[in-house]
Amino acid sequence: MQNYTTLQIQSVAVLVILFLYFLYKLRRFYKKIKDKSLLSRNRTLKKLKRLSWEDFELLCMELFAKQGWRVLGNEKKGADGGVDIWMKKRSLTKKNISAIVQCKRYDDAIVTIKVVREMYGLLHEHNVDKAYIVTTSRFTKECYKFIEGKNMILINGEELVKMIN
């Protein structure tokens, strides 16, 4: 029977730790590639409407991240209180800007004023600077009138496709 020295045992332990760290980084790298491929694979409205609600949220998160936002996502799955994505960004004035996003992946339904009013309430409840509502569909005329002068941005399906491309 062979006896191992302390140095040999420590060396093996360090190699195992490095190997596990390598696997962790590799897994994160592949996950990042998979998530980023959502934008490249879904450049038409038809494809966006076929995404699951979870993938649609991931796509929106990636899109905002490309615009310079630090996307925090949302840990809650399912009933999230109307906020799907939390974001922060440093502005030109060196002030941190915070924003919330509601993602609505609809096939044919139109986003109504009810959704926009709820998001406006959440803007104040969470004390954030901006609120976005992103949809694969479109908004009613009332929605656009309601957001005038407010820190709210509506992104309909056509605008979303333009942003992706």
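Helices (H or I, at least four residues) and strands (E, at least two) are runs assigned by DSSP and are numbered from the N terminus. The views described below are taken from a predicted model.

**Figure 1. Helix 3 and the residue that follows it.** Helix 3 comprises residues 53–66, a run of 14 residues. From its first C-alpha to its last, helix 3 reaches 20 Å, close to the 20 Å expected at 1.5 Å a residue. Its buried residues are Phe56, Glu57, Leu59, Cys60, Glu62, Leu63 and Phe64. After the helix comes Gly68, which has a positive phi, near 100°.

**Figure 2. The packing of helix 3 against helix 6.** Helix 6 spans residues 157–164 and packs with helix 3 at an angle of about 55°, the two axes lying 11 Å apart. Angles outside the ranges for roughly parallel, antiparallel and perpendicular count as oblique, and helix 3 and helix 6 are therefore oblique to each other. Their crossing is left-handed. On the side of helix 3, the contact is formed by Phe56, Leu59 and Leu63, which meet Leu160, Met163 and Ile164 of helix 6. By class, this contact has six nonpolar residues, with no polar and no charged ones. Phe56, Leu59 and Leu63 also belong to the buried set of helix 3.

**Figure 3. The surroundings of Leu48 in helix 2.** Leu48 is located in helix 2, which covers residues 45–50. The relative accessibility of Leu48 is 0%, so this residue counts as buried. When residues up to four places away in sequence are not counted, Leu48 touches Asn42, Leu59, Arg105, Thr136, Leu160, Val161 and Ile164. Among these partners of Leu48 are Leu59, Leu160 and Ile164, residues that also take part in the contact of helix 3 with helix 6. Leu48 and Ile110 are separated by 62 residues in sequence and by 15 Å in space, C-alpha to C-alpha.

**Figure 4. Gly73 in strand 1.** Gly73 lies in strand 1, which is made up of residues 70–73. Its relative accessible area is 4%, under the 20% cut-off, so Gly73 is buried. With neighbours within four places in sequence left aside, the contacts of Gly73 are Met61, Asp84, Ile85 and Trp86. Cys60, a buried residue of helix 3, is 13 residues from Gly73 in sequence and 9.8 Å away in space, C-alpha to C-alpha.

**Figure 5. Helix 4 and the elements around it.** Helix 4 consists of the 13 residues 113–125. Its reach from first to last C-alpha is 18 Å, close to the 18 Å expected at 1.5 Å a residue. Ile113, Val115, Val116, Met119, Leu122 and Leu123 are its buried residues. These residues pack against strand 3 (96–104), strand 4 (130–135), helix 5 (141–147) and strand 5 (152–155).

**Figure 6. Asn127 and Val128 in the loop between helix 4 and strand 4.** Asn127 is placed in this loop, as is Val128. Just after helix 4, Asn127 adopts a positive phi of about 55°. Most residues other than glycine have a negative phi. Asn127 has its positive phi although it is not a glycine. With a relative accessibility of 67%, Asn127 counts as exposed, whereas Val128 is buried, its relative accessible area being 12%. Residues up to four places away in sequence not being counted, Val128 touches Trp86, Ser98, Ala99, Ile100 and Leu123. One of these partners, Leu123, is a buried residue of helix 4. Another partner, Trp86, is also in contact with Gly73 of Figure 4. The C-alpha atoms of Val128 and Glu148 are separated by 17 Å, and the two residues are 20 residues apart along the chain.

Note on methods: Residues are numbered from 1 along each chain as its sequence is written. This is a predicted model: local features need pLDDT of at least 70, side-chain atom pairs count only at pLDDT 80 or more; totals for chains, interfaces and linings use all residues. Side-chain values use heavy atoms; hydrogens and water are left out. The expected span of a helix is 1.5 Å times one less than its number of residues. Buried means under 20% relative accessible area, exposed over 50%, partly exposed in between (1.4 Å probe, protein chains only). Axes are lines fitted to C-alpha atoms, for helices over the stretch in contact, and angles run from 0 to 180 degrees between N-to-C directions. Angles under 35 degrees count as roughly parallel, over 145 as roughly antiparallel, 65 to 115 as roughly perpendicular and the rest as oblique. A crossing is left-handed if the near helix is turned anticlockwise from the far one by less than a right angle, and right-handed if clockwise. Contact means heavy atoms within 4.5 Å. Ala, Val, Leu, Ile, Met, Phe, Trp, Tyr, Cys and Pro count as nonpolar, Asp, Glu, Lys and Arg as charged, and the others, Gly among them, as polar.
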